[in-house]
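Reader: Before I rely on any label attached to this model, I would like to see how each one follows from its value. Could you take me through the reasoning?

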Amino acid sequence: MMVLLKIMAIMALGFIAFQDFKERRVFWFLFPLLALLMTSIHFLYSPLTTIYFYHILLNLLAVLLVLTLVFLYTRLVQKKKFVDHSLGLGDMLLFIGLAMAFPTVTFLILFTSSLFCSLIAFFALKGRSTHATIPLAGLMGLFFSMAIGYSLFFEHPSLYIF
């Protein structure tokens, strides 16, 4: 059951990445599907329901903090609109879906690492892209699909250690 859920999550992340790279638009239903799959995986690994909800709450607060800081920077410093300038709606929905995926420490490490790797990948591939924007949801989708793929084959270290 767990293997099937992880494979489906990897496929959803792959579709998100493909669409974001190709069109810079992602089908909206992939985000709730991803959130449902990731929530199911995380819940099945959780020893207690209260710990599970505690992790999701902390992860969502971390995402809210990041979005708030980016919003304030965009509006106050750059004096531009937030959505589709700094972040796309798909990027924000992916952040929320991924917040359901892991315990807080794991989420913060993977989330930060995926942002950093996305920035490096964007600069490395900048000359080959026809778009001026970063396909953040796509790059993060690839990163998280690799992390989940790793957890399919190797349980140590576990991504779900509390």
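Author: Let me start with charge, where Lys and Arg count as positive and Asp and Glu as negative, with His and the chain ends left out. In this predicted model, the mean positions of the 10 positive and 5 negative charges are 10 Å apart.

Reader: What makes the protein as compact as a globular protein of its length?

Author: The protein has 6 helices and 0 strands. Its radius of gyration is 16 Å, and the globule rule gives 15 Å for 162 residues, so the value is close to that of the rule and the protein is as compact as a globular protein of that length.

Reader: Why is tyrosine 52 called buried, and why does phenylalanine 43 count as partly exposed?

Author: Buried means under 20% relative accessible area and exposed over 50%, with partly exposed in between. Tyrosine 52, at 4%, therefore counts as buried, whereas phenylalanine 43, at 38%, falls in the range between the two cut-offs and so counts as partly exposed.

Reader: Why is the pair of phenylalanine 95 and phenylalanine 111 edge-to-face?

Author: Rings pair if their centres lie within 6.5 Å, and planes over 60 degrees apart count as edge-to-face. The centres of phenylalanine 95 and phenylalanine 111 are 4.9 Å apart and their planes stand at 85°, so both conditions are met.

Reader: What makes this pair a tie between parts apart in sequence?

Author: Phenylalanine 95 belongs to helix α4 (residues 89–99) and phenylalanine 111 to helix α5 (residues 104–125), so the pair ties together parts 16 residues apart in sequence. Both phenylalanine 95 and phenylalanine 111 are buried.

Conventions:
Residues numbered from 1 in each chain as written. Predicted model: local features only at pLDDT ≥ 70, side-chain atom pairs only at ≥ 80, totals over all residues. Heavy atoms only, no water. Helix = DSSP H or I, 4+ residues; strand = E, 2+ residues; numbered from the N terminus. Rg over C-alpha atoms; globule rule 2.2 N^0.38 Å. Charge placed at Lys NZ, Arg CZ, Asp CG, Glu CD. Buried < 20%, exposed > 50% of the residue type's maximum accessible area, 1.4 Å probe, protein only. Phe/Tyr/Trp six-rings, centres within 6.5 Å; stacked < 30°, edge-to-face > 60°.
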